[in-house]
Amino acid sequence: MNASTNTLPTANRHPARMGAWLLMGLALPASMLVALCIGRYPLTLPQVGSSLAALALPDSLNAWLPAISAAEHRVVTQVRLPRVLLSVLAGSSLALCGAALQGAFRNPLVGPQILGISSGAAFGGCAAILLFSSLWATLGLAFAGGLLAVAVVYLLGRSKGRTTILMLVLAGIVTSAFFSALISLATYFADPNDSLPAIVFWLMGSFATASYIKLASAALPILAGMGLLMALRFRINILSLGDEQASALGIAVEPLRWLLLICTTLVVSASVAVSGTVGWVGLVVPHIARMLVGPDHRALLPASALLGGTYMVWVDTVARSATSAEIPLGVITALIGAPLFAWLLRRTQGQEMRHA
């Protein structure tokens, strides 16, 4: 076990996969720069670069930078930059959680939504908007809702002192449906002139209210959860071999699986609190990352995070610039994710038939 831990992942030794890593590493910063240029107030790359450099360089060196107006500087630093950073944070965290859950449960259809985490967090956020209308209340209740959903899944999925993967997934589907019903009930009782539009728009997903305060409040739990998941990526490899083999290799299967669920709940709840419910990212992006770097979770998790961040930057850019009114993120991710996932399913089925 130690020998395999100390060797580089197979993905890093394959030239084609090295090219994929290079493309993924360049695509994210390039996409962020282009996203900062695009919008109702179009800017050029030198204008964006000058504005970003002015943030990092001392005042004595700013005179050497290309001149930009105060309005252009505000558009970059106060409007678009926090929004782009928040979209990277949300997209990378959702994709990484999806990859970790699919490995831990050995099921390519598992994601935060299937296990009820997203629905629980969304209900907590709805309750916060309905009762408090506060960012910190939304964060706290979203996390509490996600934890409550996981606790319900645990109670429903445990039978005769043990928990099976099938029971956990089925319990997650039931829990997700229950919290979806509670969300519908909350929207039914919401004030149609005040809280109802806010709840509906928030549930469909948006970064329109992005700010540095919201970015900072979400960054701590998301980065902490992502760091723990990354640290556990080798153990996810062992868990993906099956419970019996993992136990034979000395892994405490059930505690590890619940630790992964708690980390995922922390990350997804914080992401849902600042962006609303954005589906399909945690389901589709890990499959694309798996095609590029293989099934080794030591490579798959960082690849999913890079692709998820890039994907969400472009989804948000289209959402805010394609029409005069902003398109909800959940609409775009569903329009892209559903046909893409259908194509992935047919491609996988075709490969299985050829190898049969």
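**A walk through the model, starting at one loop**

Okay, let's start with A67, which sits in the loop between α5, residues 59–62, and α6, residues 70–104. Before I go on, keep in mind that this is a predicted model. So, is A67 buried or exposed? It's exposed: its relative accessible area is 80%, and the cut-off for calling a residue exposed is over 50%. If you want a feel for distances, pick out L345 as well. A67 and L345 are 278 residues apart along the chain, and their C-alpha atoms are separated by 51 Å.

Let's zoom out to the whole chain. How many helices and strands are there? The protein chain has 17 helices and two strands. Its radius of gyration is 21 Å, and the globule rule gives 21 Å for 356 residues, so the chain is as compact as a globular protein of that length. Along the principal axes, the C-alpha trace spans about 65 × 55 × 40 Å.

Now, inside and outside. Out of 356 residues, 48% count as buried. The accessible surface of the chain is about 16,800 Å², and carbon and sulfur atoms account for 70% of that. On contacts, take the ones between residues at least 6 apart in sequence: 76% of those join residues at least 24 apart. As for charge, you'll find 20 positive and 11 negative side chains, with the centres of the two sets 9 Å apart.

Next stop, W280. You'll find W280 in the loop between α14, residues 253–275, and α15. What's its phi? About 75°, so to speak on the positive side, although W280 is not a glycine. As background, most residues other than glycine have a negative phi. W280 is partly exposed, because its relative accessible area of 28% falls between the 20% and 50% cut-offs.

That takes us to α15, residues 281–293. Let's check its length. With 13 residues at 1.5 Å a residue, α15 should span 18 Å, and its end C-alpha atoms are indeed 18 Å apart, so the two agree. Which residues of α15 are buried? The list is V281, G282, L283, V284, V285, P286, H287, A289 and V293. While you look at those, remember that an α-helix has 3.6 residues a turn, so residues three or four places apart point the same way.

One last thing, just past the end of that helix. G294 comes right after α15 and takes a positive phi of about 95°. That's the tour, thanks.

Notes. Residues are numbered from 1 along each chain as its sequence is written. Side-chain values use heavy atoms; hydrogens and water are left out. Helices (H or I, at least four residues) and strands (E, at least two) are DSSP runs, numbered from the N terminus. The expected span of a helix is 1.5 Å times one less than its number of residues. Buried means under 20% relative accessible area, exposed over 50%, partly exposed in between (1.4 Å probe, protein chains only). The radius of gyration is taken over C-alpha atoms; the globule rule is 2.2 Å times the number of residues to the power 0.38. Contact means heavy atoms within 4.5 Å. Accessible areas come from the Shrake-Rupley method with a 1.4 Å probe; for residues, only the protein chains shown count as cover. Lys and Arg count as positive and Asp and Glu as negative; His and the chain ends are not counted. The place of a charge is taken as NZ of Lys, CZ of Arg, CG of Asp or CD of Glu.
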